[in-house]
Amino acid sequence: MAINKDIGCNNIKCVEASMCERAVMYENGTAQAVKSFGGSPEKGCGKFIPKKEQ
């Protein structure tokens, strides 16, 4: 099952959180829905979306 690109992630402990568009959407309130994808301080979640270049 595909995961929509408008679902934010609230797992701030994920090693990739600072580089992930899902974390950005969660923090700025633009996510359609919020989930925790299971990333940890040692690994990413596999549902990572790289942050857009500013």
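Student: What makes the radius of gyration of the protein chain agree with that of a compact globule?

Tutor: In this predicted model, the protein chain has a radius of gyration of 10 Å, and a compact globule with 54 residues would have one near 10 Å, so the two agree. Along the principal axes, the C-alpha atoms fill a box of roughly 30 × 25 × 15 Å. Of the 54 residues, 30% count as buried.

Student: Why is the pattern of the protein chain written as β-α-β?

Tutor: The protein chain has 1 helix and 2 strands, and reading along the sequence gives the order β-α-β. Helix 1 covers residues 21-28, and its buried residues are Glu21, Arg22, Ala23 and Met25. These buried residues pack against strand 1 (7-9). Just after helix 1, Gly29 takes a positive phi of about 80°.

Student: How do you know that Cys14 is in no bond with Cys45?

Tutor: A disulfide requires two cysteine sulfur atoms within 2.5 Å. The closest cysteine sulfur to that of Cys14 belongs to Cys45 and is 5.5 Å away, which is too far for a bond. By this rule, the count comes to 0 disulfides. Cys9 is likewise in no disulfide, its nearest cysteine sulfur being that of Cys45 at 6.0 Å.

Student: Why is Cys9 called buried?

Tutor: The term applies under 20% relative accessible area. Cys9 has 11% relative accessibility and therefore counts as buried. Cys14, at 13%, is therefore buried as well.

Student: Why is Lys35 described as partly exposed?

Tutor: The relative accessible area of Lys35 is 39%, and partly exposed is the class between under 20% and over 50%. Lys35 therefore belongs to that class. Lys35 is found in strand 2 (residues 33-35). Leaving aside neighbours within four places in sequence, Lys35 is in contact with Ile7, Gly8, Cys9 and Asn10. Lys35 and Ile12 are 23 residues apart in sequence, with their C-alpha atoms 11 Å apart in space.

Student: What makes Ser40 buried?

Tutor: Ser40 has 18% relative accessibility, and the cut-off is under 20%, so Ser40 counts as buried. Ser40 is placed in the segment after strand 2. Not counting residues up to four places away in sequence, Ser40 touches Lys13, Cys14 and Val15.

Student: Which charged side chains does the protein chain have, positive and negative, and how many of each?

Tutor: There are 8 positive and 6 negative side chains, and the centres of the two sets lie 6 Å apart. The accessible surface of the protein chain comes to about 3900 Å², with 52% belonging to carbon and sulfur atoms.

Notes:
Residues are numbered from 1 along each chain as its sequence is written. This is a predicted model: local features need pLDDT of at least 70, side-chain atom pairs count only at pLDDT 80 or more; totals for chains, interfaces and linings use all residues. Side-chain values use heavy atoms; hydrogens and water are left out. Buried means under 20% relative accessible area, exposed over 50%, partly exposed in between (1.4 Å probe, protein chains only). Helices (H or I, at least four residues) and strands (E, at least two) are DSSP runs, numbered from the N terminus. Contact means heavy atoms within 4.5 Å. The radius of gyration is taken over C-alpha atoms; the globule rule is 2.2 Å times the number of residues to the power 0.38. Accessible areas come from the Shrake-Rupley method with a 1.4 Å probe; for residues, only the protein chains shown count as cover. Lys and Arg count as positive and Asp and Glu as negative; His and the chain ends are not counted. The place of a charge is taken as NZ of Lys, CZ of Arg, CG of Asp or CD of Glu.
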